[in-house]
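Trainee: Before we go through this model, could you show me the structure, and then explain the reasoning behind the terms used for it?

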Amino acid sequence: MTTLALLAFMLSAYIPPDIRTSRADMHGDQVRYWLLVGHIAFGTVATVTGLLQLWAGLRNRFPRIHRWTGRVYFYAGIFPAMILAVPVSVMSESGVSNVAALDTMLVLWAITGVAGLRAARSRRFNDHRKWMIRNYAVTIAILASRPWGTVMALIVMAQADSPAYQGNTVAMIHDIASSGAWIALVVNLVVAEAYIQHKYGGKSRNPALAGHAQR
């Protein structure tokens, strides 16, 4: 529910799509705006179908639906969202640190996504689940950056007149955005890995048994 609530909040400024209500100042650049909207749309598909992918009840009771939502997650979610993320990142005005965080998310998104897809195709379902947990942790990192950004905003604003910022609003906004993104990514991945170690113990099950569980 928390994930869906954060998603609804982020989408609120883009429904209906209107450059005048965008939270990011696009300076009237329609191309950049629609690239961002496309990225958000595909990212929304990934966020929702990713929740379905991690739903054990759906996977065990309706494996065919699980497989189809998985295809949607990859081919109408993360892969097109990743492609559009490249020009969106290149044209970003949010500062080098924030762009570095977004690009790191993009690289990890690609690595974990491809690894998860290859594991599924090789019927290594236990490995597939591990990689998908990691991948979804990256998928929702941008959502998690919002509450972390709120925490960082309180810390940064308290130092507004310090030598670090000297009242520079742009510098403060960039630091809030970048620190929120980095913290969200690191925390999500640490939590995901801790969950994997707790549930799977870092060991792969017998592939035959894993495959049987999917049927």
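Mentor: This is a predicted model, and a good place to begin is Arg124, which has a relative accessible area of 34%.

Trainee: Why is Arg124 called partly exposed?

Mentor: Buried means under 20% relative accessible area and exposed means over 50%, and because the value for Arg124 is 34%, Arg124 is partly exposed.

Trainee: What makes the pair of Arg124 and Asp127 a salt bridge?

Mentor: The closest N and O atoms of Arg124 and Asp127 are 3.2 Å apart, and since a salt bridge asks for a side-chain nitrogen of Lys or Arg within 4 Å of a carboxyl oxygen of Asp or Glu, the pair counts as a salt bridge. The structure holds three salt bridges, and another one joins Arg134 to Glu193, with the closest N and O atoms 2.9 Å apart.

Trainee: Why is the pair of Arg134 and Glu193 said to tie parts together?

Mentor: Arg134 lies in helix 6 and Glu193 lies in helix 8, so the pair ties together parts that are 59 residues apart in sequence.

Trainee: Are Arg134 and Glu193 buried or partly exposed?

Mentor: Arg134 has a relative accessible area of 17%, which is under the 20% limit, and is therefore buried. Glu193 stands at 28%, between the limits of 20% and 50%, and therefore counts as partly exposed.

Trainee: Which residues does Arg134 touch, not counting residues up to four places away in sequence?

Mentor: Arg134 touches Thr112, Leu189, Glu193 and Ile196 on that count, so the salt-bridge partner Glu193 is among the residues with heavy atoms within 4.5 Å of Arg134. As for Glu193 and Met91, which are 102 residues apart along the chain, their C-alpha atoms are separated by 32 Å.

Trainee: How do you know that Arg32 and Glu93 also form a salt bridge?

Mentor: The side chains of Arg32 and Glu93 meet at 3.4 Å, N to O, and because the cut-off is 4 Å, the pair qualifies as a salt bridge. This pair links distant parts of the chain, with Arg32 in helix 2 and Glu93 in the loop between helix 4 and helix 5, 61 residues apart. Arg32 is buried because its relative accessible area of 11% is under 20%, whereas Glu93, at 45%, counts as partly exposed because 45% lies between 20% and 50%.

Trainee: Let us turn to the rings. Why is the pair of Tyr73 and Phe74 called edge-to-face?

Mentor: The ring centres of Tyr73 and Phe74 are 5.6 Å apart, within the 6.5 Å needed for a pair, and their planes stand at 75°, over the 60 degrees needed for edge-to-face, so the pair is given that name. A search of the whole structure finds four aromatic pairs, and Tyr73, Phe74, Tyr75 and Phe79 form one aromatic cluster.

Trainee: Where else do Tyr73 and Phe74 appear?

Mentor: Both Tyr73 and Phe74 are buried, and together with Ile78 and Trp109 they are the residues with the most contacts inside the largest nonpolar core, which has 30 residues. Helix 4 gives the largest share of this core, seven residues. Leaving out residues up to four places away in sequence, Tyr73 touches Ala46, Thr49, Gly50, Ile78, Trp109, Met132, Asn135, Tyr136 and Thr139.

Trainee: Which residues make the nonpolar surface patch?

Mentor: Trp148, Val151, Ile155, Val187 and Val191 make this patch of about 380 Å², to which helix 7 and helix 8 each give two or more residues. The largest share, three residues, comes from helix 7.

Trainee: What makes Trp148 suitable for such a patch?

Mentor: Trp148, whose place is in helix 7, has a relative accessible area of 32%, and because patch residues need over 30%, Trp148 passes that limit while still counting as partly exposed.

Trainee: Why is Trp182 called partly exposed too?

Mentor: Trp182 has a relative accessible area of 31%, which falls between 20% and 50%, and so the term is partly exposed. Trp182 lies in helix 8 and, leaving aside its neighbours within four places in sequence, is in contact with Ser97, Ala100, Ala101 and Thr104.

Definitions and conventions: Residues numbered from 1 in each chain as written. Predicted model: local features only at pLDDT ≥ 70, side-chain atom pairs only at ≥ 80, totals over all residues. Heavy atoms only, no water. Core = buried A, V, L, I, M, F, W, Y, C linked by side-chain atoms within 4.5 Å. Buried < 20%, exposed > 50% of the residue type's maximum accessible area, 1.4 Å probe, protein only. Helix = DSSP H or I, 4+ residues; strand = E, 2+ residues; numbered from the N terminus. Patch = residues over 30% accessible without salt bridge, like charges linked within 9 Å, V, L, I, M, F, W, Y side chains within 5 Å. Areas by Shrake-Rupley, 256 points an atom, 1.4 Å probe, with all protein chains shown as cover. Phe/Tyr/Trp six-rings, centres within 6.5 Å; stacked < 30°, edge-to-face > 60°.
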